[in-house]
Amino acid sequence: MILNSLSLCYHNKLILAPMVRVGTLPMRLLALDYGADIVYCEELIDLKMIQCKRVVNEVLSTVDFVAPDDRVVFRTCEREQNRVVFQMGTSDAERALAVARLVENDVAGIDVNMGCPKEYSTKILSTLVKGIRRPVTCKIRILPSLEDTLSLVKRIERTGIAAIAVHGRKREERPQHPVSCEVIKAIADTLSIPVIANGGSHDHIQRYSDIEDFRQATAASSVMVARAAMWNPSIFLKEGLRPLEEVMQKYIRYAVQYDNHYTNTKYCLCQMLREQLESPQGRLLHAAQSSREICEAFGLGAFYEETTQELDAQRAKLSARTSEETGEPAEDTSGVIKMAVKFDRRAYPAQITPKMCLLEWCRREKLAQPVYETVQRPLDRLFSSIVTVAEQKYQSTLWDKSKKLAEQAAAIVCLRSQGLPEGRLGEESPSLHKRKREAPDQDPGGPRAQELAQPGELCKKPFVALGSGEESPLEGW
């Protein structure tokens with residue numbers, strides 16, 4: 001049996017609830033800035049997490065848990081290490097333990113989403129309590145009867161968990177149904193461990209002072225806030241809510257700094273705007289198809305350019321250092337134009353790639369078609385490609401997992417050096433679409449399945465795993 005290191009206290013705390021597609025790193029950091037004591041990540045399914053590899057991301061100064069398809073399933077950083085609780089969805093005790101051991105050194109606690117508790121749920125909790133050094137908690141909804149609910153929480157308490165979060169609604173109830181403060185209070189009166197009250201957004205919690213009122217109404221030790229925090233994370237601020245424009249800009253800055261995928265950033269901003277989605281700014285956000293366009297919609301275009309340039313420089317520096325450490329022979333690179341770039345499939349339409357754009361340009365200019373020379377580095381089996389166009393060579397300083405990806409990166413360097421469109425979203429050329437239909441055998445640089453971030457990237461893209469059986473993206477409110 002492992003003695004748990006109960007460094008995380010659940011008494012008298014303001015907590016950001018786990019929310020699917022919302023509780024990624026930028027939102028968690030923002031909530032901490034505004035006064036949250038503890039932040040939960042979104043529920044992540046054990047079957048996905050157990051496949052992940054822990055990767056230290058030196059570009060972002062983060063720890064990433066990366067799936068075999070190279071998606072970042074969970075990203076965290078030192079700033080939240082002592083405040084973040086990892087919530088998982090699981091139905092197997094041993095699998096849950098394996099996941100908990102994978103992440104426990106990078107988080108402050110482990111939580112099991114028990115939504116609708118099953119017989120095996122208490123076994124999972126007991127296994128975790130005995131098997132890891134971090135405090136274990138769980139989150140439940142109330143059962144149809146108070147008697148059954150109290151019987152359940154007593155069994156849960158006997159597993160040795162550190163605290164229990166209770167959403168005061170039944171499984172089938174939605175946010176429009178009233179939260180049962182009296183049931184949460186009965187649970188708090190029954191148990192000796194901290195009870196965390198959840199479900200008070202809108203009806204009870206609209207400003208900071210309401211959080212304490214909800215805590216007193218439920219007699220809970222702490223309060224967990226979901227929707228009210230999603231709408232405006234400054235709900236945790238004693239001084240009162242900050243203007244939404246200020247909050248959204250601060251969120252966007254975190255999203256860019258930590259390379260949050262634009263679709264996730266866009267989703268969270270839409271939740272904040274709510275009834276303002278039809279405003280001019282809301283329409284700009286709705287139309288945005290990249291992090292750059294989101295930043296421009298909020299007057300942060302210069303910040304985006306500066307930050308991405310800094311990240312690119314850091315990648316190039318790291319890549320150069322890695323090359324030196326591998327003991328590669330110095331090569332004569334005279335005359336080769338180099339940039340630190342990678343090919344991200346998500347930034348391009350389904351049927352357009354940089355290689356296609358470069359080939360099309362060469363045809364229009366009546367130049368010989370591009371010639372690619374690709375090598376593989378023995379130590380880590382990564383690839384680098386040099387493309388020759390009109391007797392000029394171009395190469396990315398960043399190495400890639402596959403030959404095709406390396407070639408795409410080289411094509412990008414050539415196109416950018418010439419100031420040519422590379423086919424990114426918003427740059428599509430009708431002639432390219434036409435040529436693609438007429439020549440379906442043209443090399444697209446990889447199947448559609450490669451549209452997610454590719455292996456070998458130093459700066460991974462976040463992926464938000466949805467729990468199985470979710471009735472809505474915001475289950476647990």
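This text goes through three parts of a predicted model: a small antiparallel sheet, a run of parallel strands and one buried glutamate. Residues are numbered from 1 along each chain as its sequence is written, and side-chain values use heavy atoms, with hydrogens and water left out. Because the model is predicted, local features need pLDDT of at least 70 and side-chain atom pairs count only at pLDDT 80 or more, while totals for chains, interfaces and linings use all residues.

Helices (H or I, at least four residues) and strands (E, at least two) are DSSP runs, numbered from the N terminus. Two strands are said to pair if DSSP finds at least two bridges between them. An open sheet of three strands follows the order β4-β5-β6, and its pairing is antiparallel. Its edge strands, β4 (53-57) and β6 (72-77), each pair on one side only. On average, neighbouring strands in this sheet are turned by 25 degrees against each other, direction ignored. Strand β5 (residues 62-66) is joined to β6 by five bridges, and Asp64 stands opposite Arg75 in β6. Helix α1 (residues 25-33) lies across β5 and β6 and runs at about 30 degrees to β6. Here contact means heavy atoms within 4.5 Å; axes are lines fitted to C-alpha atoms, for helices over the stretch in contact, and angles run from 0 to 180 degrees between N-to-C directions.

The next part centres on strand β11 (residues 195-198). Strand β10 (residues 163-170) pairs with β11 in the parallel sense over four bridges, and Ile164 has Val195 in β11 as its bridge partner. Three bridges join β11 to strand β12 (residues 222-225), also in parallel; Ile196 stands opposite Ser222 in β12. Helix α6 (residues 181-190) forms a right-handed β-α-β unit with β10 and β11, and helix α7 (residues 208-218) does so with β11 and β12. Right-handed means that, with the strands pointing away from the viewer, the path from the first strand over the helix to the second runs clockwise.

In a regular strand the side chains alternate between the two faces of the sheet. Both faces of β11 are covered, with Val195 and Ala197 buried on one side and Ile196 and Asn198 buried on the other. Buried means under 20% relative accessible area, exposed over 50%, and partly exposed in between (1.4 Å probe, protein chains only).

Glu422 sits in the loop between α15 (403-417) and α16 (430-438). Glu422 counts as buried because its relative accessibility is 5%. Its side chain makes polar contacts with the side chains of Tyr348 (2.6 Å) and Arg416 (2.8 Å). A polar contact is a pair of N or O atoms within 3.5 Å; within protein, one must be able to donate a hydrogen and the other to accept it, and residues adjacent in sequence count only if both atoms are side-chain atoms.
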